[in-house]
Amino acid sequence: MVGLHKSEFANPVINWIDTRLPVFTMIQKEYGEFPTPKNFNYFWNFGALAMINLVIMIATGIFLAMNYQPNSELAFGSIQHIMRDVNYGWLLRYIHQNGASMFFIVTYIHIFRGLYYGSYKAPRELLWMLGVVILIIMMATAFMGYVLPWGQMSYWGATVITNLFSAFPVVGPKIVTLLWGGFSVDNPTLNRFYSLHYLLPFLLVGVIFLHVVALHLTGSNNPLGIDVKSPQDTLPFHPYYTAKDSVGICVFLVVLSVLVFFAPNYLGDPNNFIPANPLQTPADIVPEWYFLPYYAILRSVPDKLTGVCLMFGSILVLFVLPWLDTSKVRSARFRPLYRITLLLWVVAVVVLGVCGANKPQGIWVLLSRAGTLYYFAQFLVIMPILGKLERPLPLPESISHPVIGGRGGGPLPSGAAAKPMEKA
Amino acid sequence: MRTMHSLLAGAFAATLLAAPAVAQEIEMPHQKWSFENPFGTYDLAAAQRGFQIYAQVCSNCHSLQYLHYRDLSGIGLDADQIKAFAAGVTVPDGTDDQGQPKEGPATPASQFRSPFPNSKAAAAANNGGIPPDLSLIVNAREGGPNYIYGILTGYADPPEGFKVGDGLYYNKTFPGHQIHMPQPLRDGTVDYTDGTGNSLDQQAHDVVTFLSWAANPEAVERKQMGVRIVLFLVFLTGLTYAVKRKVWADVEH
């Protein structure tokens, strides 16, 4: 459509801009009036939290980059320079370091929300797949970021993880050489990881933008997993969900602050306070906590290539999830059996995480095999079959029906649902 | 849900049961530290005594390369004391007019002097073992201050039948029990000027306090800032929640 936008803003400056570039109208439409299901619970905070988290990471990261030296001789010392000499450098770094952990906590809960309430099902398949892309970019970014301090665990973690690619036949060793920029993890590796660690977050911003665009086209899912049927089912995003998201953001900041100020190294590894030494392998090479379940999957089989395929497969399988789940019902609230299998899957992931932190011997091998088996069975066997066998509970007629009709509350006059909605 | 709970409990119990198998057979003492709890601060007198031990004993072999003499204000030394102490230390000082490396007295802005010019020299002088830099040693070991304390106080005669290698020493806390470092501190190694008793236990405690400060010099400021920020955020959370309740008051949900 060619032509100027007809702006409704009264302020002449805003109106002038909006007529030529309707960003104000867009914000008003997408974040002001945007009709949002009225029955969100606090699980729906986590998308906004992840967004805030990314902003915190980029903001602190930019200032850290001003003081960091991406050189294998200087990197470790430059971190100490940041921690000791740069004004509030310790604060920036501890926020960035613990912010990474918080980013994964928030994102994992966000993903669980999607799994529990069936947010990946039609028409939100692409929205979900963009989310998986975001997860993969996030992981790559976090992995490369952990290499930058150039401590023992940075170095040996990088060595182990990059070496995984050598398992692929023919091209494997070439990929590894390309990743390293040489024939071992060294200065060129650090340089390219630094460059990519700075680049990928902005790529993340782009994909998140698409994720949000897709969300605003399909509209949000909700705890009942049923479609919005009438305007009565929704509320304008502002002020209802801006207010509700603000509560979540405050709680998020409390948790982040407790980590940053009182236990900044709790989630870290003591070995990373030792400068990288290519001649001395640490007794135990473990990744950061958020990678432990995948690490356990990798080590659950004796064959390297199979392990690598399983590890990558554990993420990639999420791409086809919308087609593996054969149930038409979205919310686990109405799927008693699926709910149990999903919670068991969460248990399996936690068990895998614990396995990943322990040496692969004795009971841990057994547990990580059981965990891996269940992880994949949930997606590849249980979900396709369960959708056909399970008899879901009756779905409510509309979002406002159970809300107005009282969920567990006393009986209400039957005419209540017909009452015209009070305009906010 | 009940199955879920028992499964979670089972997973948790499995973790507990398996834990002892992972732990190494080392004795990890549990000391009380002035700085350990969320409101704890460094006992500055202990840290200063610990610095004296570092200067007189540890610094003969161990560097503290990420610290500068000016940082000592963090354990309560004033500018004159720092200047005087630094002046007594000789550090590399660029090159002379002939381009030869020269040395000179340190200033508060100088890095702490390292005892060896490089790691090869350090290994040659120490029977192949390289004395680790102590700037971050407390953070770099599982167990932190308790571990360092355990090493310093863990020297003993090896148990019957335990063969200790040439130039190595038996230590109860060190993984593998054979350490390159000869026992650095004994009762009375350092004479304190403030009249504090100089038992091994006291000295170990003091130097670990100093090294904990050296590894985390920001810790006190961090925790004090944290108390204020967390209190503020908790208050803000309450306020935001009240606003949310008010906004939602007219919606049936």
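Which residues does A:Leu148 touch, not counting residues up to four places away in sequence? In this predicted model, A:Leu148 touches A:Tyr68, A:Ala75, A:Ser154, A:Phe193, A:Tyr194 and A:His197. Let us keep that residue in mind and step back to look at the chain around it.

Chain A is built from 16 helices and two strands. Measured out along its principal axes, its C-alpha trace spans about 75 × 60 × 45 Å. A compact globule of 424 residues would have a radius of gyration near 22 Å, and chain A agrees with this because its own value is 24 Å. Of the 424 residues in the chain, 38% count as buried. Sequence distance is worth a look too: among contacts in chain A between residues at least 6 apart in sequence, 74% join residues at least 24 apart.

Now we can return to A:Leu148. This residue is among those with the most contacts inside the largest nonpolar core, together with A:Phe103, A:Val106, A:Val147 and A:Trp150. That core has 52 residues. At least two of its residues come from each of these helices of chain A: H3 (46-65), H4, H5 (89-116), H6 (125-147), H7 (152-163), H9 (187-218) and H10. The helix that gives the most is H6(A), with ten residues. There is also a second, separate core, this one of 39 residues, and its members include A:Phe273 as well as B:Leu77, B:Leu134 and B:Val207. As a general background, nonpolar side chains tend to be buried together in soluble globular proteins.

Two of the helices just named are worth following by eye. The axes of H6(A) and H7(A) come within 8 Å of each other and cross at roughly 135°. An angle over 145 degrees would count as roughly antiparallel and one of 65 to 115 as roughly perpendicular, so H6(A) and H7(A) are oblique to each other. On the H6(A) side, the contact is made by A:Phe143, A:Tyr146 and A:Val147, while H7(A) brings A:Ser154, A:Gly157, A:Ala158 and A:Ile161. Five of the residues in this contact are nonpolar, two are polar and none is charged.

For a contrast in setting, look at A:Asp85, which sits in the loop between H4 and H5 of chain A. Is A:Asp85 buried, exposed or partly exposed? A:Asp85 counts as partly exposed because 14 C-beta neighbours lie inside 10 Å, whereas a buried residue needs 20 or more. From the C-alpha atom of A:Asp85 to that of A:Tyr374, 289 residues apart along the chain, the separation is 49 Å.

Chain B is the partner. Its seven helices and four strands follow the order α-α-α-β-β-α-α-β-β-α-α from the N terminus on. Of its 253 residues, 27% count as buried. Among contacts in chain B between residues at least 6 apart in sequence, 61% join residues at least 24 apart.

Finally, how do the chains meet? Between them, 38 residues of chain A are in contact with 38 residues of chain B. On the chain A side, the elements that give two or more residues are H4 (75-84), H10 (237-262), H14 (336-357) and H16 (400-405). The largest share, 14 residues, comes from H10(A). By type, this side of chain A divides into 27 nonpolar, seven polar and four charged residues.

Note on methods. Residues are numbered from 1 along each chain as its sequence is written. Chains are lettered from A and ligands numbered from 1 in the order in which they are written. This is a predicted model: local features need pLDDT of at least 70, side-chain atom pairs count only at pLDDT 80 or more; totals for chains, interfaces and linings use all residues. Two residues are in contact if their C-beta atoms, placed from the backbone, lie within 7 Å. Ala, Val, Leu, Ile, Met, Phe, Trp, Tyr, Cys and Pro count as nonpolar, Asp, Glu, Lys and Arg as charged, and the others, Gly among them, as polar. A nonpolar core is a set of buried Ala, Val, Leu, Ile, Met, Phe, Trp, Tyr and Cys residues joined through C-beta atoms within 7 Å. A residue is buried if 20 or more other C-beta atoms lie within 10 Å of its own, exposed if 12 or fewer, and partly exposed in between; C-beta atoms are placed from the backbone. The radius of gyration is taken over C-alpha atoms; the globule rule is 2.2 Å times the number of residues to the power 0.38. Axes are lines fitted to C-alpha atoms, for helices over the stretch in contact, and angles run from 0 to 180 degrees between N-to-C directions. Angles under 35 degrees count as roughly parallel, over 145 as roughly antiparallel, 65 to 115 as roughly perpendicular and the rest as oblique.
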